[in-house]
Amino acid sequence: MTLHIDPLSAQAGKIAGLQVIHSKMVTDDRGTVRELYRETSYTAFLPDTVTAWRQVNLTRTKRGAVRGLHGEAMAKLVTVAHGSAFGVYVDTRPDSPTIGAVVTVNLIPGVQVFVPQGVCNGFQALDDDTEYLYFFDNEWQPGMSGVALTPLDTELGIDWPITLDASNLDQVSEKDAKAPTLKAILDLQTKEA
């Protein structure tokens, strides 16, 4: 029997606190086991503020559809359980040294992204029935603080792999399409400061 082990590794992204993680994977002739999270291994690169995952969600999304960009008051560990996705992360935190930075990551099973609180998270499904898995350090609550950005904001410079059609509600929800631009969010934050 052939055995191959890919060790856990992580690298910082160009957004402060964001980590791109390659999970530990053990593959043999029967298939692959992916270690999605092990506290003792992940503490080396996750902040001390992440002490437990309090909610876990799994979405199934059709090819070409976009979910997000949402930056609630919760840290997230995200990955693809099935299929593939184009992950997009935008720093909207007012006191961040990387505010306005945009990071994109091609997500396949075994690639994870740690998204700090206040960093917007979104993705476009690249395969039919793509399953996107979220671990949250807080439970989602109606009215929870945070921001949402429209994925249609051309100023973000996102090169979506599958062209977005703003009028296609099967591709982008009305709520996400009508969310503010990054400039509008930054202008609002400046006025509030």
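**Strands, rings and a pocket in a predicted model**

A hairpin joins β4 to β5 through two residues. This small motif is a friendly place to start reading the structure, which is a predicted model. The two strands, β4 (residues 25-28) and β5 (residues 31-34), run antiparallel and are joined by four bridges. Within this pairing, V26 stands opposite V33 in β5.

The hairpin belongs to a chain with three helices and 14 strands. The radius of gyration of the chain is 17 Å, close to the 16 Å given by the globule rule for 193 residues, so the chain is as compact as a globular protein of that length. The C-alpha trace spans about 60 × 40 × 30 Å along its principal axes. Of the 193 residues, 45% count as buried.

Strand β13 gives a clear view of what burial looks like. Seven of its seven residues are buried, so β13 is largely enclosed by the rest of the structure. In a regular strand the side chains alternate between the two faces of the sheet. Both faces of β13 are covered: T130, Y132, Y134 and F136 lie on one side, E131, L133 and F135 lie on the other, and all of these residues are buried.

Which strands pair with β13? One is β6, which pairs with β13 in the antiparallel sense over seven bridges. Here N57 has Y134 of β13 as its bridge partner. Another is β8 (residues 76-82), also antiparallel to β13, with six bridges between the two strands. In this second pairing, H82 stands opposite E131 in β13.

Just before β13 comes a residue with a backbone angle worth a look. Most residues other than glycine have a negative phi, and most peptide bonds are trans. D129, however, is a residue other than glycine with a positive phi, near 60°. D129 sits in the loop between β12 and β13. With a relative accessibility of 41%, D129 counts as partly exposed, whereas the residues of β13 are buried.

A second loop residue shows how the fold brings together parts of the chain that lie apart in sequence. G13 is found in the loop between β2 (9-12) and β3 (19-22). G13 and F114 are separated by 101 residues in sequence, yet their C-alpha atoms are 9.7 Å apart in space. G13 counts as partly exposed, at 26% relative accessibility.

Aromatic side chains are another feature to follow through the model. A pair of aromatic rings is described by the distance of the centres and the angle of the planes. The count comes to eight aromatic pairs. One of them is formed by Y42 and F45, a tilted pair with 5.2 Å from centre to centre and 50° between the planes. Why do Y42 and F45 count as buried? The cut-off for burial is under 20% relative accessible area. Y42 has a relative accessible area of 1%, so Y42 is buried. F45 is at 17% relative accessibility, and therefore F45 counts as buried too.

F86 and W160 form an edge-to-face pair, with 5.8 Å between the ring centres and 70° between the planes. This pair links distant parts of the chain: F86 is in strand β9 (residues 85-91), W160 is in the loop between β14 and α2, and the two are 74 residues apart. Both F86 and W160 are buried.

Aromatic residues also gather in a group. Y37, Y42, F45, W53 and F135 form one aromatic cluster. The cluster thus includes the tilted pair Y42 and F45, and F135 brings in the enclosed strand β13.

Finally, the model has pockets to explore. The largest pocket has a volume of about 620 Å³. Of the 32 residues that line this pocket, H70, E72, W140, K175 and D176 are the closest to its centre. The elements that give two or more residues to the lining are β6 (55-61), β7 (66-72), β12 (119-125), β13 (130-136), β14 (146-148) and α2 (174-177). Which element gives the largest share of the lining? That element is β7, with five residues. By class, the lining has twelve nonpolar, 14 polar and six charged residues. Strand β13 therefore appears once more, being enclosed by the rest of the structure and also among the elements that line the largest pocket.

How values were computed
Residues are numbered from 1 along each chain as its sequence is written. This is a predicted model: local features need pLDDT of at least 70, side-chain atom pairs count only at pLDDT 80 or more; totals for chains, interfaces and linings use all residues. Side-chain values use heavy atoms; hydrogens and water are left out. On a 1 Å grid over the protein atoms alone, a cavity is a set of points where a 1.4 Å probe fits but cannot get out, and a pocket is an open set with protein on both sides within 12 Å along at least five of seven lines; lining residues have an atom within 4 Å of a point. Grid points are joined across faces, edges and corners, and a volume is the space filled by probe spheres set on the points. Ala, Val, Leu, Ile, Met, Phe, Trp, Tyr, Cys and Pro count as nonpolar, Asp, Glu, Lys and Arg as charged, and the others, Gly among them, as polar. Rings of Phe, Tyr and Trp (its six-membered ring) pair if their centres lie within 6.5 Å; planes under 30 degrees apart count as stacked, over 60 as edge-to-face and the rest as tilted. Buried means under 20% relative accessible area, exposed over 50%, partly exposed in between (1.4 Å probe, protein chains only). Two strands pair if DSSP finds at least two bridges between them. The radius of gyration is taken over C-alpha atoms; the globule rule is 2.2 Å times the number of residues to the power 0.38.
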